[in-house]
Amino acid sequence: MPSHLADPDNNLSFTRGIFLGELRDELLHPFPAPDDETRESLGAILDSFRAFAKEKIDSAKQDHDGKFPDDVRAGMAELGLMGLSIPEEYGGFGANAIVANRVFGEIGATDPALAVYFGAHQSIGCKGIVLFGTEDQKQRWLTQCATGERIAAFCLTEGGSGSDAQAMRASAVPSADESHYVLNGQKIWISNAGYAGVYTVFAKVPVVIGGKAKERVTAFIVDAHAPGVSLGKIEEKMGIKASDTRSVSFDNVTVPTEDRLGEVGQGFKIALEVLNSGRLGLAAASTRGAQAILEVALAYAKEREQFGRPIGSFEMIQRKFASLAVDVYASDAAWMVTAGMMDRGGIDFSLETAACKVFASELVNRAANEALQIAGGIGYSKEFPYEQAVRDARINLIFEGTNEIQRALIALSGLQQPGEELKAIGAAFRHPLDSIGAIGSFLKNRVRKQLRKPDFDNVHPSLAAEAAMLEENVHDLALAVERSLFRHGKDIIERQFDQERMANAAIDIFVASATLVRASWAIDRAGSVEKAHEDFDHAKLFVPAAARRARRAVRALDRNQDSRLKGIAERALASGVLTVRVPTDG
Ligand SMILES: Cc1cc2nc3c(=O)[nH]c(=O)nc-3n(C[C@H](O)[C@H](O)[C@H](O)COP(=O)(O)OP(=O)(O)OC[C@H]3O[C@@H](n4cnc5c(N)ncnc54)[C@H](O)[C@@H]3O)c2cc1C
């Protein structure tokens with residue numbers, strides 16, 4: 001089984017390469033189309049889930065009741081879905097990332113709240129044990145998670161530490177005989193809290209380093225029924241209402257040392273690796289959720305007539321369907337290519353999962369809003385699924401790391417290597433006589449970077465013009481990144497206007513690259529462009545649009561009105577008044 005670890009310190013990354021002016025498109029290949037055997041078993045899982053969903057899942061009623069009927073949860077377990085990506089030796093199905101996320105997508109298309117239940121268990125709740133657990137931990141916990149006997153949940157967020165997870169206050173103090181830890185603290189917004197039998201909990205362990213007292217974030221597997229564990233009331237949420245969300249308090253809970261997950265101090269790394277898998281699941285579920293609500297709107301647009309013809313015949317409505325269809329195609333390509341990286345192993349996919357999460361979560365929000373718009377007045381009615389889709393989609397911009405944090409992560413991680421190179425060369429220029437070699441190769445590289453665009457290999461010749469657009473984007477981004485680093489130095493950390501632009505460009509370049517890989521694969525498989533004309537059309541529309549957005553973002557790194565923008569925001573924050581008052585305000 002592949003390691004499913006991104007391991008940013010040791011593995012090559014496509015998106016990090018973009019920031020260096022490199023198009024490492026070999027990392028995106030081959031497009032991870034499942035082989036016949038995998039397709040057959042995936043088809044069987046999807047069919048059995050669809051049959052079950054048809055009979056048992058009433059998303060609107062679950063939304064209204066704010067919970068899943070018992071037979072829905074029991075049915076998910078009976079189908080084996082709660083063990084889908086748990087290895088076979090612990091009673092699970094052992095699905096690879098492609099299969100697991102495709103199923104996740106189907107659940108997301110059926111009921112987003114159920115996808116959260118499934119994801120909080122599978123993608124984040126017990127994922128830490130799959131990735132980092134000892135054999136003994138896997139035997140004891142995963143076997144029960146696989147059958148659904150124990151539902152898992154992931155406890156990271158606290159009242160004072162949301163995006164800034166390092167600021168957590170929960171503590172786990174080792175006993176004198178080192179047999180156990182005493183866990184204290186409160187986690188909030190915990191999905192599946194009410195159903196959970198086991199939690200992955202992050203807490204700080206006191207340590208002494210170099211004679212100084214410090215604290216290190218560490219992960220623990222905690223029995224939800226242990227004395228001292230208690231739950232808050234169910235949160236009344238805007239959407240995904242059937243998913244159970246509560247606070248979980250730990251009051252002097254004894255956690256045996258054998259249930260510490262990984263080493264002391266490894267907690268943050270574990271959380272990040274687990275969230276990589278969570279973000280990909282969220283992307284697959286969001287993409288398929290977008291498709292599902294648009295297909296409801298498609299049926300309506302065919303049937304609803306105004307001005308004596310179906311509203312679907314009006315081009316303003318057609319434009320919505322077509323542009324969102326193209327984005328769904330691209331988003332599917334992106335999560336699939338990333339799942340392929342996960343399954344191959346040895347590739348750092350942490351920035352790609354972040355890119356997939358941002359792209360797909362924003363897509364499902366756009367899609368739900370446009371579907372509602374296409375439905376007109378009935379879109380606003382609770383009798384129809386559109387308003388629920390809008391409410392359910394909204395959470396995806398927030399959890400598993402907000403989209404702002406994902407953008408900062410992409411930009412700052414991408415800047416790491418160019419920043420280090422420039423720092424090293426800055427030091428070399430201070431001692432030029434000792435560093436002639438280093439300076440010489442830096443200048444040579446710079447000239448090469450200025451002159452040579454990277455190559456997007458392995459793209460179908462019919463899409464060569466689109467590949468060239470991305471080559472240009474990557475070339476321009478890397479040079480703009482370098483100028484930005486020269487201009488701001490380490491202050492770039494504070495320059496979020498620029499980080500956002502770099503991240504937006506990187507996301508579009510990655511998603512467009514994945515789209516080219518998908519469409520090229522489809523054309524090759526079909527044997528000609530004509531036989532794969534739908535794939536061709538989707539790529540032809542998506543890539544230039546993404547390249548245009550990326551070009552605009554890169555250009556704005558050099559030409560912008562950031563100081564004016566900042567001035568307006570800071571004046572508003574200082575005064576509490578958003579904008580200039582008009583005379584009629586009195
Ligand atoms: C329904 C639901 C289910 C959840 N399930 C779980 C779960 O199962 N387990 C779990 O551990 N957590 C869970 N969460 C918590 C979720 O992950 C956090 O809400 C999220 O990470 C944001 O943290 P916060 O709410 O404290 O917002 P904050 O961190 O306070 O952020 C508020 C705003 O400020 C922005 N912001 C913060 N820092 C920066 C920065 N450096 N730069 C730019 N902008 C910034 C954010 O993007 C956001 O827009 C869930 C939340 C919800 C609502």
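## Exercises on a predicted model

Leucine 231 has valine 248 of β7 standing opposite. With that pair as a way in, here are some exercises to work through on this predicted model.

### Exercise 1: Strand partners

Task: Find which strands pair with β7, and in which sense, parallel or antiparallel.

Solution.
- Step 1. Begin at strand β6, residues 229–231, which pairs with β7 in the antiparallel sense. Three bridges join β6 and β7, and leucine 231 is placed opposite valine 248.
- Step 2. Now look at β3. This strand also runs antiparallel to β7, which covers residues 245–256, and nine bridges link β3 and β7.
- Step 3. For a pair to look up on screen, take tyrosine 181: its bridge partner in β7 is valine 255.

### Exercise 2: Two positive phi angles

Task: Work out whether glutamate 178 and isoleucine 240 are buried or exposed.

Solution.
- Step 1. Locate glutamate 178 in the loop between β2 (171–174) and β3. Although glutamate 178 is not a glycine, its phi is positive, about 60°.
- Step 2. Count the other C-beta atoms within 10 Å of glutamate 178: there are 8. Exposed means 12 or fewer, so glutamate 178 is exposed.
- Step 3. Move to isoleucine 240, in the loop between β6 and β7. Isoleucine 240 is not a glycine either, and its phi is positive at about 35°.
- Step 4. Repeat the count for isoleucine 240, which gives 25 other C-beta atoms within 10 Å. Buried means 20 or more, so isoleucine 240 is buried.

### Exercise 3: A loop with a cis bond

Task: Describe the loop between α1 and α2 through proline 30 and leucine 27.

Solution.
- Step 1. Proline 30 is in the loop that lies between α1 (14–19) and α2 (36–56). The peptide bond leading from histidine 29 to proline 30 is cis, and its omega is near -10°.
- Step 2. Leucine 27 has its place in the loop between α1 and α2 as well. Because 22 other C-beta atoms lie within 10 Å, leucine 27 is buried.
- Step 3. Ask what leucine 27 touches. Leaving out residues up to four places away in sequence, the contacts are Leu12, Phe14, Met341 and Ile347.
- Step 4. Compare sequence with space: leucine 27 and aspartate 348 are 321 residues apart along the chain, yet their C-alpha atoms are 9.7 Å apart.

### Exercise 4: Buried helix positions

Task: Explain why valine 481 counts as buried, then find what covers the buried residues of α12.

Solution.
- Step 1. Valine 481 sits in helix α15, residues 464–488. With 27 other C-beta atoms within 10 Å, valine 481 is buried.
- Step 2. Beyond four places in sequence, valine 481 touches Phe19, Leu415, Pro418 and Met502. Glycine 414, 67 residues away in sequence, is 9.5 Å from valine 481, C-alpha to C-alpha.
- Step 3. Turn to helix α12 (residues 386–394), where the buried residues are Tyr386, Gln388, Ala389, Val390, Asp392 and Ala393.
- Step 4. The cover over these buried residues of α12 includes α3 (59–65), α6 (112–125), α9 (267–303) and α11 (350–375).

### Exercise 5: Around the ligand

Task: Say how many residues surround the ligand and which elements supply them.

Solution.
- Step 1. The ligand is surrounded by 21 residues, and the closest are Leu156, Gly162, Ser163, Thr402 and Glu404.
- Step 2. Sort the shell by class: 12 residues are nonpolar, seven are polar and two are charged.
- Step 3. Trace the elements. At least two shell residues come from each of β1 (151–155), β3 (180–191) and α13 (403–430).

### Exercise 6: The whole chain

Task: Step back and describe how the chain is built overall.

Solution.
- Step 1. Count the elements: the chain has 18 helices and 10 strands. Its radius of gyration, 25 Å, is close to the 25 Å that the globule rule gives for 586 residues, so the chain is as compact as a globular protein of that length.
- Step 2. Find the domains. Domain 1 covers 153–266 and domain 2 covers 405–565, and their C-alpha centres are separated by 39 Å.
- Step 3. Check burial and contacts. Of the 586 residues, 48% are buried. Among contacts with a separation of 6 or more, 76% are between residues 24 or more positions apart.

Note on methods: Residues numbered from 1 in each chain as written. Predicted model: local features only at pLDDT ≥ 70, side-chain atom pairs only at ≥ 80, totals over all residues. Near = placed C-beta within 6 Å. Helix = DSSP H or I, 4+ residues; strand = E, 2+ residues; numbered from the N terminus. Nonpolar A, V, L, I, M, F, W, Y, C, P; charged D, E, K, R; others polar. Domains from an automatic or database assignment. Rg over C-alpha atoms; globule rule 2.2 N^0.38 Å. Contact = placed C-beta atoms within 7 Å. Pairing = 2+ DSSP bridges.
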